[in-house]
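Me: I'd like to practise reading a structure step by step. Could you walk me through one?

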Amino acid sequence: MVAIRSARPGDLSPLWDLVRRAVAHMNALGNPQWGSDYPTLALYTADQAAGELYVAVNGAGRVLGCACINGAESPEYAAVAWSASPAYSVHRLAVDPEVQRQGVAPALMAYAEELARRAGVPALHVDTYARNDRMQALFQKRGFRQVGAISLHGRPEPYPCFEKLIFPDKV
């Protein structure tokens with residue numbers, strides 16, 4: 001059973017360990033979306049301090065995954081033809097490679113959708129690297145549609161951008 005909760009300061013060390021394992025795993029799969037330059041522990045620390053970092057934990061309290069969920073969007077998002085605004089965005093979602101494909105990422109995305117719904121925010125906006133087939137498949141399975149692509153972090157390939165309307169009848 002996976003539960004989602006706000007991250008606590010004590011979560012940062014195990015969270016950072018899982019992020020480093022996730023980066024190595026992504027790179028081994030041919031997805032250089034993240035590296036030594038991004039994401040950083042400082043970003044996750046700031047996310048936690050702002051109350052915008054959420055963790056997926058098992059029944060024993062082990063951190064299985066994490067995501068920053070907030071209303072901040074990358075400046076590059078301005079070039080995308082979004083259907084709705086304002087929106088929440090999901091940033092830096094990572095799952096421990098040991099528990100990937102066990103529902104952790106879908107649980108984090110469902111939580112982001114629920115946060116938006118409770119706040120009355122009409123949409124969720126996300127992006128992922130062009131080679132991150134797994135994340136793109138998750139977005140599509142959860143009802144997101146691709147609405148554009150941007151360049152980020154100096155990577156050679158684009159980052160497809162996806163949107164899910166939380167209140168489609170109000171857009």
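Reply: Happily; we will go from the overall fold to one strand and then to one loop residue. Keep in mind that this is a predicted model.

Me: Let's begin with the fold. How many helices and strands does the protein chain have, and what pattern do they follow along the sequence?

Reply: The protein chain has four helices and seven strands. Their order along the sequence is β-α-α-β-β-β-α-β-α-β-β. The radius of gyration is 15 Å, close to the 16 Å from the globule rule for 171 residues, so the chain is as compact as a globular protein of that length. Along the principal axes, its C-alpha atoms fill a box of roughly 40 × 35 × 30 Å.

Me: What share of the residues is buried?

Reply: Taking buried as under 20% relative accessible area, 48% of the 171 residues qualify. You can also look at contacts: among those between residues at least 6 apart in sequence, 68% join residues at least 24 apart. As for the surface, the accessible area is about 8,100 Å², and carbon and sulfur atoms account for 53% of that.

Me: Now a single strand. Why is β2 described as largely enclosed by the rest of the structure?

Reply: Start with the general idea: side chains in a regular strand alternate between the two faces of the sheet. In β2, residues 53–57, five of the five residues are buried, so the strand is largely enclosed by the rest of the structure. Both of its faces are covered, with L53, V55 and V57 buried on one side and Y54 and A56 buried on the other.

Me: Which strands pair with β2, and in what sense?

Reply: Strand β1 (residues 3–6) pairs with β2 in the antiparallel sense over four bridges, and R5 has V55 as its bridge partner there. Strand β3 (residues 63–70) also pairs with β2 in the antiparallel sense, over five bridges. In that pairing, V57 stands opposite V63. Look at the connection too: β2 and β3 form a hairpin with five residues between them, and G61 in the turn has a positive phi of about 90°.

Me: And after β3, where does G71 sit, and is it buried or exposed?

Reply: G71 lies in the loop between β3 and β4 (88–95). Its relative accessible area is 54%, and the cut-off for exposed is over 50%, so G71 counts as exposed. Leaving aside neighbours within four places in sequence, G71 is in contact with A87 and Y88. For S85, 14 residues along the chain from G71, the C-alpha separation is 9.9 Å.

How values were computed: Residues are numbered from 1 along each chain as its sequence is written. This is a predicted model: local features need pLDDT of at least 70, side-chain atom pairs count only at pLDDT 80 or more; totals for chains, interfaces and linings use all residues. Side-chain values use heavy atoms; hydrogens and water are left out. Helices (H or I, at least four residues) and strands (E, at least two) are DSSP runs, numbered from the N terminus. The radius of gyration is taken over C-alpha atoms; the globule rule is 2.2 Å times the number of residues to the power 0.38. Buried means under 20% relative accessible area, exposed over 50%, partly exposed in between (1.4 Å probe, protein chains only). Contact means heavy atoms within 4.5 Å. Accessible areas come from the Shrake-Rupley method with a 1.4 Å probe; for residues, only the protein chains shown count as cover. Two strands pair if DSSP finds at least two bridges between them.
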